[in-house]
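Here's a quick tour of some helix packing and ring pairs. Have the model open as you read.

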Amino acid sequence: MPTPYPFTALVGQDDLRLALLLNAVSPAVGGVLVRGEKGTAKSTAVRALSALLPEVDVVPGCRFSCAPGAPDPGCPDGPHEVGRGTHRAARMVELPVGASEDRLVGALDIERALAEGVKAFEPGLLADAHRGILYVDEVNLLHDHLVDLLLDAAAMGASYVEREGVSVRHAARFLLVGTMNPEEGELRPQLLDRFGLTVEVAADRDPQQRVEVVRRRLAYDDDPEGFAARWAGEEAQVRARIVAARALLPQVRLGDGALLRIAATCAAFEVDGMRADIVMARTATALAAWAGRTDVLAEDVRRAALLALPHRRRRNPFDAPGLDEDKLDETLDEFGPDAPDDDPEPDDDPEPDGPDDGPEGGPDGGGGGVPPQSGPERETPGQQGPEREEPEPGSAEPEAPEEPAGAPAGGGREQRAVSAGEPFRTKMLSVPGLGEGAAGRRSRARTEHGRTTGAVRPRGALTKLHLAATVQAAAPHQRARGRSGAGLVVRRDDLRQATREGREGNLVLFVVDASGSMAARQRMGAVKGAVLSLLLDAYQRRDKVGLVTFRGTGAEVALPPTSSVDTAAARLETLPTGGRTPLAAGLLTAHEVLRVERLRDPARRPLMVVVTDGRATGGPEPVKLAERAAGLHAAAGTASVVVDCETGLVRLGLAGQLAGRLGGSAVTLEELRADAIAGLVKDVQGTNQTRRRAA
């Protein structure tokens, strides 16, 4: 086994190290979610922590790591008698992003259960991680149903496996650590809330710190054993401190004053539910034990708030986690000062051990430092300078002048970005047919979860038994197989896999017209509001999104397809407008993006949403070029919806004509709202079905 990088050699990233150590002292805190850019030693810190955890006593031969002094009475390998056990190091188990449900929770041998009545259970990763660390790298890329199973087990301290009436339960108490890069997509707020603590990490920009990172990294690579030996003394001290803090933890007193400050802080920041209060209480208690105290101080409450509340402050999917420290201090001051018998003066530094004169180091690189949780108030685009007069309701909207032919895209008459209008709940847009893509909430697909629609012979391991079909297949052969008792004689050829239909996530590619014809302030604000609403819908339906914009003389991929919907929202907010309308360039760029994505992820079906008024200007024969480009999408079978942004009393209907060329449907901004007239989804599906029949 390779020698891990020493935990005490990590310098900087104080919040990360402290959060990990607090969970090592009290796993009831609920785990740590580490958010940050790539190369900031997130994985290194987690792997280094496993070497610090004390050894555990286990029952010999027990696959579920039962403690010999208090074995689990419901252990599948039990019952165990109380007695002596064997020592082993605490495990760190990694959950791969592509793991299956059976790999996580364990698998039952359905064939033996039916034929012999035996609960033959193969433990999963949750059983392996019991009394150790379960580490999930890129937790934001894990399927939602696996994250739900994982967090349920962490909260209950047990894992339940049920398959067709056969169930197994075993203990599963572990320190849960997840890492993620927000650029690759966010976790749902409901899942964020299930992590006890969260930490933001970023590489330090100080050259001296970065020099030290490289120096330690090279020293570790040259001689891992020797490098670890130089830090063995510090590692032993921290390990002993963890053991002492665990022993002290039951004696820590959480006074009424500290509880009042915790409750007041959670109320002041308007966090949902009561989980934040409970996590803050457990974290503050662990901080006191880590510092060697039996009383919780106001400073413990403050530190607990900074670790437990930032990710619970999000009010919509595009809010960045953060906490206003000035407001936090005001709240704590309001419910202070400390009572002498409640919060004595601190005499220990709650910071984790380790050198403080060097930077973060390790195989993943990255220096220390945590970005500020709250920054200066962002200036809203489009609020400087005199406002243009808005047109009267119902009148033809004045358009911004277009750039002369040959002007570069984005040059000349580019206008300041306009703020998006208020988002709204949109109609359901879906791709016709039955897909087989990643689990989501948009289009119909064959999935692992959903309603049962039939049965087939399993290809490979059986995962979802169709009981009725299995019995039906085995019943005609019972006499030939010599059945004599009440049990059913089942052979492997009789087993049937259930086929299920649910929903998949799609690739929603937005193709947005940012030309001068769209640049009137009122119209562009409404258009951005509509696209933002569709992005919110894509977030809720677990879609990947991409953004193509066109203006001036060309088009650009403002955002390649990604799971980070909030990044798309940020790009949309700063989108400038102006120039001619190279519709053909936008459609051709979108065609190339979709072509590449089909090669990368052929199972994920695309839905193209074109946001335009349908005009095509600039260059020779712009209308004909746009018609040809639309024909490419129709020939490729791309499901398309055109959001018609034309306003005013006089409308040319060009967006509807474009939708016809694409083989899709058109919808106005008003019809896009969920409370508008019904029938959009049927129109999208019916139009595509008509197109296929015609082909």
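Helix 11 passes helix 12 in a right-handed crossing, meaning the near helix is turned clockwise from the far one by less than a right angle. On one side of the contact (heavy atoms within 4.5 Å) sit Ile262, Ala263, Thr265 and Cys266 of helix 11, and on the other Ala276, Asp277, Met280 and Ala281 of helix 12. By class, that's 6 nonpolar, 1 polar and 1 charged.

Bear in mind that this is a predicted model, where local features need pLDDT of at least 70 and side-chain atom pairs count only at pLDDT 80 or more. Residues are numbered from 1 along each chain, and side-chain values use heavy atoms, without hydrogens or water.

Now for the aromatics: the whole structure has 5 aromatic pairs, counted when ring centres lie within 6.5 Å, with planes under 30 degrees apart called stacked, over 60 edge-to-face and the rest tilted. Here are two of them:

| Pair | Centres | Planes | Type |
|---|---|---|---|
| Tyr5 and Phe227 | 5.2 Å apart | 35 degrees | tilted |
| Phe64 and Phe121 | 6.2 Å apart | 15 degrees | stacked |

Tyr5 lies in the segment before helix 1 and Phe227 in helix 9, so this pair ties together parts 222 residues apart in sequence. Both Tyr5 and Phe227 are buried (under 20% relative accessible area). Ring pairs also link Tyr5, Tyr220, Phe227 and Trp231 into a cluster.

As for the other pair, Phe64 is buried with a relative accessible area of 2%, and Phe121 is buried at 6%.

Note on methods:
Helices (H or I, at least four residues) and strands (E, at least two) are DSSP runs, numbered from the N terminus. Ala, Val, Leu, Ile, Met, Phe, Trp, Tyr, Cys and Pro count as nonpolar, Asp, Glu, Lys and Arg as charged, and the others, Gly among them, as polar. Rings of Phe, Tyr and Trp (its six-membered ring) pair if their centres lie within 6.5 Å; planes under 30 degrees apart count as stacked, over 60 as edge-to-face and the rest as tilted. Buried means under 20% relative accessible area, exposed over 50%, partly exposed in between (1.4 Å probe, protein chains only).
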